[in-house]
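Trainee: I should like to learn how to read the features of a structure that is new to me. Please take me through them in turn.

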2 protein chains.
Amino acid sequence: MTDCWNSALLTDRYELTMLQGALHSGAAHRRTVFEMFARRLPEARRYGVVAGTGRFLDALEHFRFDTTALDYLSDAAIVDDRTLEWLAGYRFSGDVWGYGEGDCYFPGSPILVVEAPFAEAVLLETVALSIYNHDCAIASAASRMVTAAGGRPLIEMGSRRTHEAAAVAAARAAYLAGFDTTSNLAAGRAYGIPTAGTSAHAFVLLHDSERHAFAAQLAALGPETTLLVDTYDVVRAVRTGIELAGDRLGGVRIDSGDLAVLAGEVRKLLDENGADTTRIVVTGDLDEHAIQALAIAPVDGYGVGTALVTGSGAPTASLVYKLVARAHGEGPDVPMSPVAKRSVGKPSKGGRKWSTRRLADDGTARAELVYDREPEPAPNERPLLRRLVAAGEIVGREPLQAARERHRAAMAELPLTAQQMSRGEPAIPTLFGQV
Amino acid sequence: MTDCWNSALLTDRYELTMLQGALHSGAAHRRTVFEMFARRLPEARRYGVVAGTGRFLDALEHFRFDTTALDYLSDAAIVDDRTLEWLAGYRFSGDVWGYGEGDCYFPGSPILVVEAPFAEAVLLETVALSIYNHDCAIASAASRMVTAAGGRPLIEMGSRRTHEAAAVAAARAAYLAGFDTTSNLAAGRAYGIPTAGTSAHAFVLLHDSERHAFAAQLAALGPETTLLVDTYDVVRAVRTGIELAGDRLGGVRIDSGDLAVLAGEVRKLLDENGADTTRIVVTGDLDEHAIQALAIAPVDGYGVGTALVTGSGAPTASLVYKLVARAHGEGPDVPMSPVAKRSVGKPSKGGRKWSTRRLADDGTARAELVYDREPEPAPNERPLLRRLVAAGEIVGREPLQAARERHRAAMAELPLTAQQMSRGEPAIPTLFGQV
């Protein structure tokens, strides 16, 4: 990033022209409810992971039309003076509820519910969708990789394969879904995520020999470092590493070739030389399926790049943000009615929604229940909506660690079918019901 | 974006630990050449589009380790004090050449060539790859959509389906590849791209009837506006639009259903009512194939979202940044030798490269020629590398419009096979040769 945008301009032009239209008709001040949900899970996944909540609250807090933004809107004749004036005073005054960050979601889960006058709520559409669509896509892919890795550590190292700012958000999403570290230093600084890294082929090639390179790395970073061993010949490189670092060598990284076979050979070689604590890290176009295929190989950690930051086949979560209810007139006391379009193939259900996850006696999730009004607390139903914003004030902030823990708990609650890597039905059905 | 990062931290940790190793061994100051290229084109495309050059030069200009960054690196114990001191004084002093932004590229095309001491060049790896991998992926997808649209205007409207900052870069990449407008206001402000927008279903649903909504939009934005007509019933909505705006109605947008059939019906209805200048804009999960399938439908413009910002199946360009040559000692006069790793399945060719596009007598491109030294100018070869940075000074900046024009010219130069939407071989072969 070399430029910083006001989050208020991270918006589609039509939000502002709709605002102008609604200010003109007077409907701008009608109370409305917008909801964010997925019509289906991408790639026939078993579940989705809610991510982006913390970033959305940050964006909401800074959602202001400053002079620079207003000057642009004026100069480019995007909206009229009356609309500009309204934008200059924009402060979100409404209420927001959302699924806890890290929780799982299913088709129709109302993962974000915004209640505010139309003018205030409609402007948040683009930035809210951008954040959640990206972060949920990455977290949903990451979570499957965490399952596939079966407890072995995962390093997020996909920064170079995605937009430089998206890379930072991707590292955050991966961490909350259970990755252990990231290579991205900006994510380390911004979110306190532990960082990790090994070495690149360039470092070996820079030196007069692989031996020189390894010696330099060990001298500078200590024997606990991880050596990249596939620049020329893996077995020879591992021997060199052991010769130089002895059995205290921290790790070796294999980035190419048949990773399962190589890991086996390298493990044998390390063990024969007493380096039985030296870790083997594998990288190189890994996705959840490749990770799972390495389950029986003696691998101590996975570095994942491209597949992680591109959502492993689903780079966007396809979430939508839809008006589901609105008042028939202005004022806080005018009752709201459900609304829904009837466009072909894009059904949506009108009316504000509340949801819970129904659990069996053993605590296993059985269904996603979506109600048309707030249900009474029930012992076998976990309420899913948290208050995030109350009358414009952000009340739902929490540390990233809380989202990471919530995700772990949410996964433990799902039936085992959620852990299947194959394409299929959601792990639990979504049931729409009346209270 | 609610946070701004120093571009220097948009970097993988291992770049800095390699730097520490190379400072320790003394190899950090060896002259090196790094090149960025694609081993293959994603999705068996016919060509790739170079994009990101302007953004990379901006990032390079701001690539500085400021106090915040240095404090983080120190507190998190990423590198030692000597390395921190070196980073504090970091200024890129090297030379950079690159393909002109908007030009086409093929497997092996050296689209970026960085010549600098190792320490300076290695640190740019992550941010350079992030920018080019994202922007090239989007521009490459966009260019195919432009071909498929056959001269009809294209609106970029994918902001909500990708990271909020990536959205701005995506709008830029789409515009340089030939899109006409974007919905993204931040891109409008940052890059001067014309913005466009229509209206959402929420606007219709907010009002007491579709007629009320249309009347409000027409009153606020004038008859030249584009009405969204598929909230309830397309034909009825178009009739309402004509009743309210007469034959001066600017346009109608159809976002669902069988777009070809509906466009035909709507065109007939509009023409029967004298609204023969009213444009029909279609949207709704369009990609290059869907656009091409609508070629014979009476459509006046396409709005493209998801497929554009996710690279239509190839969300990253898979470009790599590799050390290809380095000196055997320090100093500006020590000659450089080619280097290349021998990792299985990831071949790379050592040595600095120069390239030209060979043209037939009629100006059609015949081959991408990649040389191991600078070739003599030849009348039937178009040199592809432009100087971007000279001894640390950025000299290659140009307006975005220049990239847009270059892309148009580069496409006109390629054989017709480049315009095929099917998967296949690159439109021209890459030939590696000696001068």
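Mentor: Let us begin with a span of chain A. The end C-alpha atoms of residues 9–131 of chain A lie 14 Å apart, and the span is 41% helix and 20% strand. Helices (H or I, at least four residues) and strands (E, at least two) are DSSP runs, numbered from the N terminus. The UniProt record, an unreviewed entry, lists this span as "domain: Nicotinate phosphoribosyltransferase N-terminal". UniProt positions are given in the numbering used here, feature names are shortened, and annotations may be inferred rather than shown by experiment.

Mentor: Two conventions apply throughout. This is a predicted model, in which local features need pLDDT of at least 70, side-chain atom pairs count only at pLDDT 80 or more, and totals for chains, interfaces and linings use all residues. Residues are numbered from 1 along each chain as its sequence is written, chains are lettered from A and ligands numbered from 1 in the order in which they are written, and side-chain values use heavy atoms, with hydrogens and water left out.

Trainee: How many helices and strands are there in chain A?

Mentor: Chain A has 15 helices and 19 strands. Its C-alpha atoms fill a box of roughly 80 × 60 × 35 Å along the principal axes. Of the 435 residues in chain A, 62% are buried; buried means under 20% relative accessible area, exposed over 50%, and partly exposed in between (1.4 Å probe, protein chains only).

Trainee: How many cavities of 30 Å³ or more does the structure hold?

Mentor: The general idea is that rolling a probe the size of a water molecule over the atoms shows where empty space is left. On a 1 Å grid over the protein atoms alone, a cavity is a set of points where a 1.4 Å probe fits but cannot get out, and lining residues have an atom within 4 Å of a point. Grid points are joined across faces, edges and corners, and a volume is the space filled by probe spheres set on the points. The structure holds 2 cavities of 30 Å³ or more, and the largest has a volume of about 160 Å³. Among its 16 lining residues, the closest to the centre are A:T162, A:V309, A:P315, B:T162 and B:V309. The lining comprises 6 nonpolar, 8 polar and 2 charged residues. Here Ala, Val, Leu, Ile, Met, Phe, Trp, Tyr, Cys and Pro count as nonpolar, Asp, Glu, Lys and Arg as charged, and the others, Gly among them, as polar.

Trainee: Which helix gives the most to the lining of the second largest cavity?

Mentor: Helix α6 (residues 125–149) of chain A does, with 3 residues. This cavity holds about 40 Å³ of space, and its lining includes A:R45, A:Y105 and A:C136.

Trainee: How many disulfides are there over all chains?

Mentor: A disulfide is a covalent bond between the sulfur atoms of two cysteines. With the rule that the pair of cysteine sulfur atoms be within 2.5 Å, the count is 0 over all chains. For A:C104, the nearest cysteine sulfur, that of A:C136, is 11 Å away. A:C104 counts as buried, at 0% relative accessibility.

Trainee: Why is strand β14 of chain B largely enclosed?

Mentor: Strand β14 (residues 354–359) of chain B has 5 of its 6 residues buried, so it is largely enclosed by the rest of the structure. Two strands pair if DSSP finds at least two bridges between them. β14(B) pairs with strand β15 (residues 365–371) of chain B in the antiparallel sense over 6 bridges, and B:R358 has B:A367 as its bridge partner in β15(B). β14(B) also runs antiparallel to strand β16 (residues 381–383) of chain B, joined by 3 bridges, where B:R358 stands opposite B:E381.

Note on methods:
On a 1 Å grid over the protein atoms alone, a cavity is a set of points where a 1.4 Å probe fits but cannot get out, and a pocket is an open set with protein on both sides within 12 Å along at least five of seven lines; lining residues have an atom within 4 Å of a point.
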